[in-house]
Amino acid sequence: MTKVAQVLDEVTLYGDHPADRITQGLLRLNTAMRNRAWNWAESAGLTPTQGEILMLLMQRKKPLRLNDIARETALTAATTSDAVSTLEEKGLLEKRRALDDRRALAVKLTPRGRTAAKRAAQWPGFVSGALSALRDDEQTAVYSGLFKLIRELEIRGTMPAHRMCGTCRWFEPANADGARRGTRAKVAKPDSFRCVTLDQALDRSTLRLDCLAYEAGDVGTQARNWKLLKQI
Ligand code: SF4
């Protein structure tokens, strides 16, 4: 087979639309990240799944129930239960009663678990290091594209829901308050938003994917947010 035929064969296999090329790029990135995660986890005496659970508990800053961990990490209940038991045996987690339901159990990090979680949070640094070589406008374009891709996957039911601006009740166009009071122009710049509860300006580079102040909006709010975000 000639070189040209080989290339055409590959194009037929993977597709030649921008969406196909991006998918290939994400697959390559996934391979590199999986390798790094395994290397890090092995050196820490953990599995990547255990590291992910530690990082999730560190980000949430509160005890989580097993079913919450399973939902947020997209793991099965059995895998989550096994990983949590192992982490408990290693002294990195402890079980306690859930704050909102004394009959239910939740898990929290021990001081040793917090130290391990901080170390686990460092392995993706090889990607952020490489991204810093891109121009600011390129980084913004990558982030806003990824943000919208993640939201679209959520809508299609192929990714767990995130605590993101895209579905948050506090997200609105930058001039919504002024428009309500009739004191400012009613049309906001498409890339200009506001977080009501934090009283902060947001744009396509500062939208949040995982936010402690998040509160889910109703169906109408989520649809409005998506309409706004699709324009950026
Ligand atoms: S910054 Fe947080 S609280 Fe504000 S709109 Fe975004 S997700 Fe909601």
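The exchange below goes through a predicted model, from its overall make-up to single residues.

Residues are numbered from 1 along each chain as its sequence is written. Because the model is predicted, local features need pLDDT of at least 70 and side-chain atom pairs count only at pLDDT 80 or more, while totals for chains, interfaces and linings use all residues.

Colleague: How many helices and strands does the protein have?
Modeller: Helices (H or I, at least four residues) and strands (E, at least two) are taken as DSSP runs and numbered from the N terminus. The C-alpha atoms fill a box of roughly 65 × 60 × 30 Å along the principal axes. Within the protein, the count is ten helices and six strands.

Colleague: Which residues touch the most other members of the largest nonpolar core?
Modeller: A nonpolar core is a set of buried Ala, Val, Leu, Ile, Met, Phe, Trp, Tyr and Cys residues joined through C-beta atoms within 7 Å, and buried means that 20 or more other C-beta atoms, placed from the backbone, lie within 10 Å of a residue's own (exposed: 12 or fewer; partly exposed: in between). At least two residues of this core come from each of helix H3 (48-60), helix H4 (66-73), helix H5 (77-89), strand S3 (101-109) and helix H6 (111-120). Among its 17 residues, those touching the most other members are Ile53 and Leu54.

Colleague: Which residues does Ile53 touch, leaving out those up to four places away in sequence?
Modeller: A contact requires the C-beta atoms of two residues, placed from the backbone, to lie within 7 Å. With that sequence exclusion, the partners of Ile53 are Ile69, Thr73, Ala83, Val84 and Leu87.

Colleague: How are the axes of H3 and H6 arranged, parallel or perpendicular?
Modeller: With axes fitted as lines to C-alpha atoms, for helices over the stretch in contact, and angles running from 0 to 180 degrees between N-to-C directions, the two axes come within 8 Å and cross at roughly 105 degrees. Angles under 35 degrees count as roughly parallel, over 145 as roughly antiparallel, 65 to 115 as roughly perpendicular and the rest as oblique. The crossing therefore makes H3, relative to H6, roughly perpendicular.

Colleague: Is Glu52 buried or exposed?
Modeller: Glu52 has its place in helix H3, and its C-alpha atom is separated by 8.4 Å from that of Ala117, 65 residues apart along the chain. Because 21 other C-beta atoms lie within 10 Å, Glu52 is buried.

Colleague: Is Lys61, where phi is positive, buried or exposed?
Modeller: Lys61 sits in the loop between H3 and strand S1 (64-65), and its phi is near 60 degrees, a positive value in a residue other than glycine. Since 9 other C-beta atoms lie within 10 Å, Lys61 is exposed.

Colleague: How many nonpolar residues are in the shell around the ligand?
Modeller: A residue is near the ligand if its C-beta atom, placed from the backbone, lies within 6 Å of it, and the surrounding residues include Met164, Cys165, Trp170, Arg208 and Tyr214. Ala, Val, Leu, Ile, Met, Phe, Trp, Tyr, Cys and Pro count as nonpolar, Asp, Glu, Lys and Arg as charged, and the others, Gly among them, as polar. By these classes one residue of the shell is polar, one is charged, and the number of nonpolar residues is ten.
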